[in-house]
Amino acid sequence: MRIRPSLLAAGPLTSTLALTAPTAHAAGSAAPYDFTGDGYRDLAVGAPYESFGGAEDTGTVTLLRGTDAGYLPTGARVLSPSTSGVPDGAESGDSFGARVLLSDTTKDGRADLSVGGTGENGGDGAIWWLKSATTSGAKSFGPAKFGIPTTGSPSFGSPLRG
Ligand SMILES: [Ca+2]
Ligand SMILES: [Ca+2]
């Protein structure tokens with residue numbers, strides 16, 4: 001029996017793959033990737049092995065705004081555990097940004113940012129949560145908060161789903 005490629009079995013393709021500008025959508029609709037609330041999808045980019053300030057592999061997350069011209073470096077923000085308002089402070093090996101997730105957890109129409117730092121506290125791992133991807137009211141949680149043993153390296157925050 002001949003096996004058909006899954007794409008053919010799925011029927012005719014109705015679109016092509018291309019790199020295009022972020023998609024705008026109607027205001028008030030579900031916006032899982034829009035943290036600015038302007039209708040354009042935004043992007044969170046992790047760099048978990050970024051080293052700075054004498055600490056190694058601390059990590060950063062860069063936030064890019066979507067526009068009708070695509071993602072632009074103008075107005076980009078870089079977050080790390082040393083950013084004012086981000087809990088915990090930067091330490092070597094945090095690997096902040098090893099995982100990133102944009103999802104509207106507060107259901108207000110703006111995406112919220114969750115970040116996994118899988119190396120926090122010597123491999124315990126931690127997650128950070130930033131409403132609308134801003135530092136106002138930012139929170140962090142390690143595995144002990146949920147009663148998860150920290151023997152070994154649980155790497156809490158890897159993976160993230162939402
Ligand atoms: Ca946006
Ligand atoms: Ca939200």
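How many bridges pair β8 with strand β9, and in which sense do the two run? β8 and β9 (residues 139–141) pair over three bridges, in the antiparallel sense. That pairing is a good place to enter this structure, which is a predicted model. Let us first get an overview and then come back to β8.

The protein chain holds two helices and nine strands. Followed along the sequence, these elements give the pattern α-β-β-β-β-β-β-β-α-β-β. Of the 162 residues in the protein chain, 32% are buried. Taking contacts between residues at least 6 apart in sequence, 49% join residues at least 24 apart.

A word on confidence before we go on. The average pLDDT of the protein chain is 85, and 81% of the residues score at least 70. Two stretches call for care. Over residues 1–20 pLDDT stays under 50, and the model has one contact beyond four places in sequence for them. Residues 25–29 also stay under 50, with four contacts beyond four places in sequence. Where pLDDT is low, the predicted coordinates should not be read in detail.

Now back to β8 and its surroundings. This strand belongs to an open sheet of four strands, in the order β6-β7-β8-β9, with antiparallel pairing. At the edges stand β6 and β9, each with a single partner strand, so one side of each is left without a neighbour in the sheet. On average, neighbouring strands of this sheet are turned by 20 degrees against each other, direction ignored. Strands of a sheet pair through backbone hydrogen bonds, either parallel or antiparallel.

On the β7 side, five bridges link β8 to strand β7 (residues 112–117), and the two run antiparallel. Trp-129 is a handy residue to find here. Across from Trp-129 of β8 stands Ser-114, while in β9 the bridge partner of Trp-129 is Lys-139. What makes β8 largely enclosed by the rest of the structure? Strand β8 covers residues 126–130, and four of these five residues are buried, so the strand is largely enclosed.

The other sheet to visit is also open: three strands in the order β1-β2-β5, with antiparallel pairing. Its edge strands are β1 (43–47) and β5 (77–79), each of which pairs on one side only. The neighbouring strands of this sheet are turned by 25 degrees against each other on average, direction ignored. Between β1 and strand β2 (residues 60–64) there are five bridges, and these strands run antiparallel. One place to see this is Ala-47, which stands opposite Thr-60 in β2.

Gly-46, which lies in strand β1, is worth a closer look. Is Gly-46 buried or partly exposed? It has 19 other C-beta atoms within 10 Å, and a residue needs 20 or more to be buried, so Gly-46 is partly exposed. Apart from its neighbours within four places in sequence, Gly-46 is in contact with Gly-59, Val-61, Gly-97, Ala-98, Arg-99 and Val-100. Ser-80 is 34 residues from Gly-46 along the chain, and their C-alpha atoms are separated by 9.9 Å.

From here we can turn to the nonpolar interior. The largest nonpolar core has 19 residues, and those touching the most other members are Ala-44, Val-61, Leu-113, Val-115 and Ala-133. At least two residues of this core come from each of β2, β6 (96–103), β7 and β8. Ala-133 shows how its surroundings are drawn from various parts of the chain: leaving aside neighbours within four places in sequence, Ala-133 is in contact with Phe-35, Ala-44, Leu-63, Ala-111, Asp-112 and Leu-113. In soluble globular proteins, nonpolar side chains tend to be buried together.

Finally, some backbone details are worth checking in the viewer. Asp-57, in the loop between β1 and β2, has a positive phi of about 55 degrees although it is not a glycine. With 16 C-beta neighbours inside 10 Å, Asp-57 counts as partly exposed. Lys-107, in the loop between β6 and β7, is also not a glycine and has a positive phi of about 60 degrees. Lys-107 is exposed, with 8 other C-beta atoms within 10 Å. In the segment after β9 you will find Pro-159, and the peptide bond leading to Pro-159 from Ser-158 is cis, with omega near 0 degrees.

How values were computed: Residues are numbered from 1 along each chain as its sequence is written. Chains are lettered from A and ligands numbered from 1 in the order in which they are written. This is a predicted model: local features need pLDDT of at least 70, side-chain atom pairs count only at pLDDT 80 or more; totals for chains, interfaces and linings use all residues. A residue is buried if 20 or more other C-beta atoms lie within 10 Å of its own, exposed if 12 or fewer, and partly exposed in between; C-beta atoms are placed from the backbone. Two strands pair if DSSP finds at least two bridges between them. Axes are lines fitted to C-alpha atoms, for helices over the stretch in contact, and angles run from 0 to 180 degrees between N-to-C directions. Two residues are in contact if their C-beta atoms, placed from the backbone, lie within 7 Å. A nonpolar core is a set of buried Ala, Val, Leu, Ile, Met, Phe, Trp, Tyr and Cys residues joined through C-beta atoms within 7 Å. pLDDT is the predictor's confidence in each residue, from 0 to 100.
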